Amino acid sequence: MRRVYRHPEWCARGHACGLGEHRSAPHVIDVPGAGRIVMVRVLAEDGSEHAEVRGSVRLPPNEAHARRRLWRLLHDAISVLG
Ligand SMILES: [Zn+2]
C-alpha cells in the first residue's frame, strides 16, 4: 500500500487528508425540478483514484414512467463504469 502524503492540486485539504486520503471540494450540479448530483474526486491511501457520486433524481408520478427513469439511470450509470 502506497501512502500519498502530498496534496494533489485539486485537494480541498479537509479533515480526510490526515486519514490517508485526499478529497476534492464537492462538485454540485443542481437541475431544478429534476435532481441533484454531487461528485467528489478521491485519492485513496493506496494511490488509486475514484469518484464518489451521490444525488437524487426526481421520479415522475406515473409508475411506468418512474420505472423507465430508474432503468435509464442504472443503464447510464453502468455505461460510465465502462
Ligand atoms: Zn489532501
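Helices and strands here are DSSP runs, a helix taking at least four residues and a strand at least two, numbered from the N terminus. I'm working from a predicted model.

**Entry 1: R13**

With the strands numbered that way, I placed R13 in the segment before β1. I looked up its backbone and found a positive phi of about 55 degrees, although R13 is not a glycine. Is R13 buried, exposed or in between? Its relative accessibility is 49%, so I put R13 down as partly exposed; the class ends at 50%, over which a residue counts as exposed.

**Entry 2: the zinc ion**

Which protein atoms are the donors of the zinc ion? I got ND1 of H7, SG of C11, SG of C17 and ND1 of H22. They lie 2.0 to 2.2 Å from the metal. Along the chain, the spacing of the donor residues reads H-x3-C-x5-C-x4-H.

Then the geometry. The angles among the four donor atoms run from 96 to 124 degrees, and the site comes out tetrahedral. All angles have to lie between 85 and 135 degrees for that label, so I'm happy to keep it. For reference, the ideal angle for four tetrahedral donors is 109.5 degrees.

I also checked accessibility for two of the donor residues. H7 has a relative accessible area of 35%, so it is partly exposed. C11 comes in at 7% and therefore counts as buried.

**Entry 3: S24 and R41**

S24 sits in the loop between β1 (22–23) and β2 (27–31). Buried or exposed, I wondered, for S24? Buried: the relative accessible area of S24 is 7%, and the cut-off is under 20%. Leaving out residues up to four places away in sequence, I found S24 touching W10, A12, V40 and R41.

That last contact sent me to R41, which belongs to strand β3. R41 has 38% relative accessibility, so it goes down as partly exposed. What does R41 touch, not counting residues up to four places away in sequence? My list for R41 is W10, H22, R23, S24, E49 and H50. W10 turns up as a contact of S24 and also as a contact of R41. H22, one of the zinc donors, is among the residues R41 touches.

I took one C-alpha distance from R41 as well. R41 and C11 are 30 residues apart along the chain, and 8.4 Å separates their C-alpha atoms.

**Entry 4: the largest pocket**

How much space lies in the largest pocket? About 720 Å³. I counted 25 lining residues, and those closest to the pocket centre are I37, V53, V57, L73 and D76. Elements giving two or more residues to the lining are β2, β3 (35–43), β4 (49–57) and α1 (63–81). Helix α1 gives the largest share, nine residues.

By class, I have 13 nonpolar, seven charged and five polar residues in that lining.

**Entry 5: R69**

Staying with helix α1, I looked at R69, which lies in it. R69 is partly exposed, because its relative accessibility is 39%. Which residues does R69 touch, setting aside those up to four places away in sequence? They are V57, R58, L59 and P60. V57 was already in my notes as one of the residues closest to the centre of the largest pocket.

R58 got a distance check too: R69 and R58 are eleven residues apart in sequence, with 9.1 Å between their C-alpha atoms.

How values were computed
Residues numbered from 1 in each chain as written. Predicted model: local features only at pLDDT ≥ 70, side-chain atom pairs only at ≥ 80, totals over all residues. Heavy atoms only, no water. Buried < 20%, exposed > 50% of the residue type's maximum accessible area, 1.4 Å probe, protein only. Contact = heavy atoms within 4.5 Å. Donors = N, O, S within 2.8 Å, 3.2 Å for Na, K, Ca; no water. Tetrahedral: all angles 85-135°; square planar, octahedral: opposite > 155°, others 65-115°. 1 Å grid on protein atoms, 1.4 Å probe; cavity = no way out; pocket = protein on both sides within 12 Å on 5 of 7 lines; lining within 4 Å. Points joined across faces, edges and corners; volume = space filled by probe spheres on them. Nonpolar A, V, L, I, M, F, W, Y, C, P; charged D, E, K, R; others polar.
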